[in-house]
Every structure is written in structure tokens, then in C-alpha cells.
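Subject: Structure handover

Hello,

Here is the structure I promised to pass on. Please open it next to this email and follow along.

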Amino acid sequence: MVKEIFKFSIRRLIQTKINGGIVLLFVALAAMIIANSPLQEYYNILFSKNITLTIGNFNLFDRHDGNPMTLLDFINDALMAIFFFSVGLEIKRELLVGELSSPRKALLPVVAACGGMIVPVLLFFLISQPGLVMRGAAIPMATDIAFSLGVLSLLGKKVPLSLKIFLTAFAVVDDIGGIIVIALFYSSHLTVEYLIAAMIIVALLYIGGRQGIHNKLFFISFGIVVWCLFINAGIHPTIAGVIVAFTVPARPKLHIYRYVDSIRESLKRLPENSNDIILSNSELSILKSIESASDKVVSPLQAMDDDLRTLVNYVIMPLFAFANASISFEGFTLASLEGVSVTIFFSLVLGKLIGIFSFTYLFIKCGWLTMPDKMDTHSLFGVSLLGGIGFTVSLFIATLSYAGMGAEGAMLLNQAKIGIIGGSMFAGICGYFYLKYTLNKKTQKSL
């Protein structure tokens with residue numbers, strides 16, 4: 001009996017689409033457990049291994065200083081470039097047809113995001129001590145889209161669509177802010193020659209897209225070249241992912257209505273009754289033409305976004321979390337929670353809540369903007385709490401801020417991770433239960 005129940009549970013787990021945010025949470029917990037166990041040494045050795053892919057004397061994974069990337073560098077600089085490429089595709093889609101496609105649609109999420117970036121950074125400056133700590137002022141800026149939407153999805157069908165759209169839209173604008181900060185403040189040793197070469201390749205990609213080149217391999221191949229040039233130019237290579245994403249065409253080669261007409265004509269040419277196991281040459285030719293038309297009706301932007309979603313949500317982000325969420329509690333005391341841990345915790349939880357809610361509420365109260373359909377002040381407060389889930393991008397900025405800064409930097413990075421994970425979990429739990437209470441109350445009133 002127990003064996004049958006176990007088999008059924010495994011089958012259900014495989015068939016069910018697991019929430020990406022839940023996967024991240026479990027992976028982060030696994031990293032923390034390993035970091036405080038006898039396996040810590042093997043964990044550190046694993047992520048300090050050098051990664052090489054040589055073509056002659058050229059190593060694709062060399063850093064600008066000539067040293068090869070470690071596995072940790074590879075995850076943070078190469079795999080996260082794919083993550084930011086995916087983010088870039090999402091931003092472009094939102095700017096073209098989504099909630100950021102017109103000033104009327106975009107203004108409320110932009111206002112919310114501005115509040116959610118400005119207030120946490122100001123709070124960080126007010127609370128933190130001067131010195132090396134100040135390099136991490138941008139850590140509480142970002143909202144993790146996967147994690148926050150994952151928490152929201154746990155509330156089921158009670159959540160209004162407008163609430164999900166609002167959260168997604170302001171989190172996307174947050175990402176834009178984070179990308180700008182990374183580009184401006186976390187790049188160094190700028191080499192103009194490599195930068196010019198990268199911009200020429202980007203221009204080539206843009207012109208190619210405008211001239212009707214829809215081959216995904218074209219954008220992937222030259223995108224890798226841009227990534228290499230950015231590394232050698234001294235600009236953080238993840239920015240290459242965003243820039244290349246904006247060159248990917250958003251228009252399909254074949255319009256949907258022409259596609260439907262083409263399919264109908266092709267289907268008419270197929271025999272109505274055929275019991276043959278092997279298709280005839282004419283039937284094979286017709287089916288290949290349908291397949292070709294199907295590829296042309298989906299734009300490269302949409303196709304690549306769809307192709308990358310599973311890879312990013314279930315491979316790249318969990319790998320990043322596993323490599324970066326390790327917190328060492330060796331010698332941990334309550335005094336360890338002082339400094340940057342408390343600063344980031346309050347900047348995420350209170351800074352995000354106050355910034356998102358106050359900016360949005362003020363603009364609506366003054367009559368400059370209107371509340372989205374089926375949203376009210378209570379649901380706005382709840383989603384503002386969820387905005388404090390920083391996690392992925394916050395961990396990424398923390399690594400950029402403090403990694404490679406010696407013993408003090410390592411200590412600050414460990415404390416920053418405590419603040420990020422603690423603040424994100426607290427904001428997520430509070431946001432979940434507040435929204436659950438609010439939505440249940442609203443449901444009872446409607447009965």
C-alpha cells in the first residue's frame with residue numbers, strides 16, 4: 001500500500017509543473033545546509049574549479065585579466081548572461097505589446113518601481129555605516145519576478161489578473177533599474193577597442209533583424225561574440241545578454257492569417273483516407289511545408305523566450321541559487337545580525353513596502369493615475385509586501401558588491417546573504433498571509 005502511494009506521489013510530482021519559486025527556495029536551503037556541514041570543503045572546491053573551452057590558444061572562458069573562470073564565475077558571468085538575455089526578451093515584449101507598451105499602461109508600474117527602488121536605497125544609506133558596506137546600496141533595489149509570482153500563485157484563482165500583471169510589470173521595471181546599475185557601477189577597466197567591436201556586432205545583429213534574418217543561430221552565435229567582447233572590454237558580461245535580446249526581431253516572417261490560409265490549402269491537398277504506414281513523397285512534402293510555415297508564424301523573440309523559460313527557471317536560476325545562497329553560520333551570534341544584514345533586511349521589507357505603496361497610492365489619490373480593475377488599497381499593500389522578495393538579482397548584486405574584497409568583503413557578503421534571504425522570506429510570508437486574509441474577506445463579502 002505504502003509503495004503504491006509512493007509511486008503515485010512521484011508520478012504526480014513529475015506530471016505537475018513545479019513552481020519555480022519553490023524550487024529556488026529548496027535549492028537555497030540545500031546550499032545553506034551544505035555550507036554548514038562537513039561537505040562545505042567539497043562545495044568550495046567544486047565552485048573554485050577552473051572552466052576552460054579552448055580553441056587553439058584561445059580560451060572562451062578567460063576573464064579580462066587573463067585568468068580562467070572558476071565554476072562560480074561561469075555561473076555568475078556566463079549562465080546569468082542567459083538569464084539576463086531572457087529578462088531582455090521579456091522587457092522588449094512588455095515594451096512592445098505588454099503593460100509597458102503605452103504611457104497610460106506603463107505609468108503606474110513605473111511609478112511603483114521607482115518608489116520600490118528609491119526608498120530602499122535611501123533607507124540603506126540612512127541605516128548603514130560608512131565604508132565598504134556602501135558598495136551594496138543597490139542590493140535591495142530588485143524584486144524577484146519568479147519568487148514573487150510564485151508566492152502569488154499559491155493563492156490560486158482568487159488573485160485578480162490585474163494584480164499579477166501589476167506585480168510583473170513593476171518587477172520588470174525593477175529589472176531595468178538593476179541592469180542600469182550593474183552597467184554603470186559594476187564595470188571596470190574599460191577597454192574602448194573591445195567596446196567598439198562589441199557595438200559593431202550589436203549593430204550587425206540589429207540590421208540583420210531589420211533585414212529579415214530570423215535564424216536563431218545567427219543571434220546566438222553573434223551574441224556569444226558580444227559576450228566575449230564585453231568581458232574583455234571590462235563591462236559586466238551579463239549586460240551583453242540584455243543588449244543582444246533587444247536586437248532579436250519581434251515580428252514573425254508569416255502573418256497568422258496568411259498562415260491559416262496556407263494550412264487550409266495544404267490540408268486540402270492531403271488524401272482524406274490513407275492507411276499507409278509510409279507517407280508518399282507528395283504527402284511528406286505537404287507536411288514539411290506546414291512545418292516550415294509553423295516556424296515562420298512565431299517570431300524569434302517569442303520562440304526564444306519560450307525555449308529559454310524552462311532552462312532559466314529550472315536550471316540556471318537554481319544553479320545560481322545553489323552557488324550563491326550558501327550562508328556560513330560558523331561563529332554565528334545575535335551580534336552577527338547587526339550591520340549589513342539588518343540594513344538589507346529592513347531595506348527590502350520596509351523600504352520596498354513603503355516605496356511601492358506610498359508612490360502608487362499618492363499618484364492614485366491625487367487623481368494622476370487610476371487603480372487597476374479589481375485592485376484596491378488592501379491588495380496594493382499586499383503586493384507591495386511581495387515586492388520585498390529580492391532574492392536572485394539581490395544576491396547577484398551582493399556578489400558583485402563584496403566578492404573579491406578580501407576577508408572583510410567575504411564577511412559582508414555572508415551577512416548580505418543573511419539579510420537578503422531573511423528579508424525575502426519574511427516579505428513573502430507576510431505578503432502571502434496578508435493577501436490571503438484580504439482576498440478571503442472580499443470573497444465572503446461577495447457571497
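Below is what was found in it, topic by topic. Keep in mind that this is a predicted model.

**The core**

Start inside. The largest nonpolar core has 116 residues. Which of them touch the most other members? They are Phe83, Trp227 and Tyr402. Helix H4, residues 71-97, gives the most to this core, with eleven residues. There is a general pattern to keep in mind here: in soluble globular proteins, nonpolar side chains tend to be buried together.

Now click on Trp227. Leaving out residues up to four places away in sequence, Trp227 touches Leu60, Phe61, Met69, Asp77, Ala78, Ala81, Pro237 and Ala240.

Next, look at Thr238. Thr238 is found in helix H10, residues 238-245. Is Thr238 buried or exposed? Its relative accessible area is 0%, so Thr238 is buried. Its contacts, again without residues up to four places away, are Asn76, Asp77, Met80, Ala81, Phe84, Ile182 and Phe396. Take Phe84 from that list. Thr238 and Phe84 are 154 residues apart in sequence. In space, their C-alpha atoms are 6.1 Å apart.

**Aromatic rings**

How many aromatic pairs does a search of the whole structure find? It finds 17. One of the pairs is Phe363 with Trp368. The ring centres are 5.2 Å apart and the planes meet at 75°, an edge-to-face pair. Phe363 is partly exposed, at 26% relative accessibility. Trp368 is exposed, at 56%.

Tyr432 and Phe433 pair up too. Why does this pair count as edge-to-face? The planes are at 80°, and over 60 degrees counts as edge-to-face. The ring centres are 5.0 Å apart. Tyr432 is buried, with a relative accessible area of 19%. The cut-off for buried is under 20%.

There is also an aromatic cluster: Phe83, Phe84, Phe320 and Phe396. You have met some of these names already. Phe83 is among the core residues that touch the most other members. Phe84 and Phe396 both touch Thr238.

**A nonpolar patch on the surface**

Now turn to the outside. Leu126, Ile127, Phe346, Leu350 and Ile354 form a nonpolar patch on the surface. Together they have about 460 Å² of accessible area. Two helices give two or more residues each: H5 (103-127) and H14 (340-365). H14 gives the most, with three residues.

Compare two residues of H14. Leu350 is in this helix, and at 37% relative accessibility it is partly exposed. Thr343 lies in H14 as well, but Thr343 is buried, with a relative accessible area of 2%. Setting aside residues up to four places away, Thr343 touches Phe124, Ile127 and Ser128.

**Salt bridges**

How many salt bridges are there? The count comes to five. Here are three of them.

- Arg93 and Asp305 meet at 2.6 Å, N to O. Arg93 is in helix H4 and Asp305 in helix H13 (residues 300-324), so the pair ties together parts 212 residues apart in sequence. Arg93 is partly exposed, at 25%. Asp305 is buried, at 6%.
- Asp174 and Lys352 have their closest N and O atoms 2.7 Å apart. Asp174 lies in helix H7 (residues 161-185) and Lys352 in helix H14, so this pair joins parts 178 residues apart in sequence. Both residues are buried.
- Asp307 and Lys216 have their closest N and O atoms 2.9 Å apart. Asp307 is in helix H13 and Lys216 in helix H9 (residues 216-233), 91 residues apart. Asp307 is partly exposed, at 47%. Lys216 is partly exposed, at 32%.

Some bridges share partners. They join Arg93, Glu94, Asp305 and Arg309 into one network.

**Two backbone details**

Last, check two phi angles. Lys374 is not a glycine, yet its phi is positive, about 65°. Lys374 lies in the loop between H14 and helix H15 (377-386). Lys374 is exposed, with a relative accessible area of 61%.

Phe391 also has a positive phi, about 35°, and is not a glycine. Phe391 is found in helix H16, residues 391-402. Phe391 is buried, at 3% relative accessibility.

Best wishes

Terms used
Residues are numbered from 1 along each chain as its sequence is written. This is a predicted model: local features need pLDDT of at least 70, side-chain atom pairs count only at pLDDT 80 or more; totals for chains, interfaces and linings use all residues. Side-chain values use heavy atoms; hydrogens and water are left out. A nonpolar core is a set of buried Ala, Val, Leu, Ile, Met, Phe, Trp, Tyr and Cys residues joined through side-chain atoms within 4.5 Å. Buried means under 20% relative accessible area, exposed over 50%, partly exposed in between (1.4 Å probe, protein chains only). Helices (H or I, at least four residues) and strands (E, at least two) are DSSP runs, numbered from the N terminus. Contact means heavy atoms within 4.5 Å. Rings of Phe, Tyr and Trp (its six-membered ring) pair if their centres lie within 6.5 Å; planes under 30 degrees apart count as stacked, over 60 as edge-to-face and the rest as tilted. Patches are made of residues with over 30% relative accessible area and no salt bridge: like charges are joined within 9 Å, nonpolar side chains (Val, Leu, Ile, Met, Phe, Trp, Tyr) within 5 Å. Accessible areas come from the Shrake-Rupley method with a 1.4 Å probe; for residues, only the protein chains shown count as cover. A salt bridge is a side-chain nitrogen of Lys or Arg within 4 Å of a carboxyl oxygen of Asp or Glu.
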